[in-house]
Amino acid sequence: MKYEALSYVWGTPQPWDKMPRILLDEAYYLEVLPGLDSALRHLRSPDVPKTLWVHVICINQQNVEEKKTQVPIMLEIYARAEIVNIWLGPAEGDAPMGMN
């Protein structure tokens, strides 16, 4: 299966009632950190479907056993991705100078 992976800057945590929410599988809302919300909004394409691997979504963060088995294979997951997207956040201030 072809997929893209995403590594992103988390961003400042918000109170849970102000956390951005994303819709998964057209049925379930998940609260996410602002950095992930921003990355997903910039990476999405309304015309081209993508399969995207994001650790906080694909690994159940509440299940310690699942994390114990999945975290050690993250290098392989990223290595097998067709594309690895790295999101540092939206450009602000002197960001273009830093990228140069």
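**Exercise 1. A nonpolar surface patch**

Task: In this predicted model, identify which residues make the nonpolar surface patch of about 390 Å², and then place Leu 88 in the chain and classify it as buried or exposed.

Solution. The patch of about 390 Å² is made by Val 9, Val 84, Ile 86 and Leu 88. To place Leu 88, one looks at the loop between strand 5 (83-87) and helix 5 (95-99), where this residue is found. The relative accessibility of Leu 88 is 60%, and because exposed means over 50%, Leu 88 counts as exposed.

**Exercise 2. The overall layout**

Task: State how many helices and strands the protein has, in what order the elements run, and what share of the residues is buried.

Solution. The protein holds 5 helices and 5 strands, and, read from the N terminus on, its elements follow the order β-β-β-α-β-α-α-α-β-α. Of the 100 residues in the protein, 27% are buried. The exposed area comes to about 7,700 Å², of which carbon and sulfur atoms supply 56%. As for contacts with a separation of 6 or more, residues 24 or more positions apart account for 60% of them.

**Exercise 3. The sheet**

Task: Work out the strand order of the open sheet of 3 strands, and name which strands lie at its edges.

Solution. The order of the open sheet is 4-1-5, and the pairing is parallel. Strand 4 and strand 5 are the edge strands, since each of them pairs on one side only. Strand 1 and strand 5 run parallel and are joined by 5 bridges. Within this part of the sheet, Tyr 8 stands opposite Trp 87 in strand 5. As a general point, strands of a sheet pair through backbone hydrogen bonds, either parallel or antiparallel.

**Exercise 4. The nonpolar cores**

Task: List which residues make up the largest nonpolar core, and find which element gives the largest share of this core.

Solution. The largest nonpolar core has 11 residues in all, namely Leu 6, Tyr 8, Ile 22, Leu 30, Val 32, Leu 36, Ala 39, Leu 40, Leu 43, Val 54 and Trp 87. Two or more residues of this core come from each of strand 1 (4-8) and helix 1 (34-43), and the largest share, 4 residues, is that of helix 1. There is also a second, separate core of 8 residues, which includes Tyr 3, Ala 5, Ile 59 and Ala 81. Returning to the largest core, one of its members is Ile 22; leaving aside residues up to four places away in sequence, Ile 22 touches Tyr 28, Tyr 29, Leu 30, Val 32, Asp 37, Leu 40 and Ile 57.

**Exercise 5. Salt bridges**

Task: Among the 4 salt bridges found in the whole structure, examine those formed by Lys 50 with Glu 4, Asp 37 with Arg 41, and Glu 65 with Lys 68, asking where the partners lie and how they are classed by accessibility.

Solution. In the bridge between Lys 50 and Glu 4, the closest N and O atoms are 3.8 Å apart. This pair links distant parts of the chain, with Lys 50 in the loop between helix 1 and strand 4 (52-53) and Glu 4 in strand 1, 46 residues apart. Lys 50 counts as partly exposed because its relative accessibility is 39%, whereas Glu 4, with a relative accessible area of 12%, is buried.

The next step concerns Asp 37 and Arg 41, whose closest N and O atoms are 3.1 Å apart. Both residues lie in helix 1, 4 residues apart, about one turn of the helix. Asp 37 is buried, having a relative accessible area of 13%, while Arg 41, at 46% relative accessibility, counts as partly exposed.

The last step concerns Glu 65 and Lys 68, whose side chains meet at 3.6 Å, N to O. These two residues both lie in helix 3 (residues 64-70), 3 residues apart, about one turn of the helix. Glu 65 is exposed, with a relative accessible area of 52%, and Lys 68 also counts as exposed, at 54% relative accessibility.

**Exercise 6. The surroundings of Lys 67**

Task: Describe where Lys 67 is found and which residues it touches, not counting residues up to four places away in sequence.

Solution. Lys 67 is found in helix 3 and, at 30% relative accessibility, counts as partly exposed. With residues up to four places away in sequence set aside, Lys 67 touches Ile 59, Asn 60, Gln 61 and Pro 72. Lys 67 and His 55 are 12 residues apart in sequence, and the C-alpha to C-alpha distance between them is 9.7 Å.

Terms used: Residues numbered from 1 in each chain as written. Predicted model: local features only at pLDDT ≥ 70, side-chain atom pairs only at ≥ 80, totals over all residues. Heavy atoms only, no water. Patch = residues over 30% accessible without salt bridge, like charges linked within 9 Å, V, L, I, M, F, W, Y side chains within 5 Å. Areas by Shrake-Rupley, 256 points an atom, 1.4 Å probe, with all protein chains shown as cover. Buried < 20%, exposed > 50% of the residue type's maximum accessible area, 1.4 Å probe, protein only. Contact = heavy atoms within 4.5 Å. Core = buried A, V, L, I, M, F, W, Y, C linked by side-chain atoms within 4.5 Å. Pairing = 2+ DSSP bridges.
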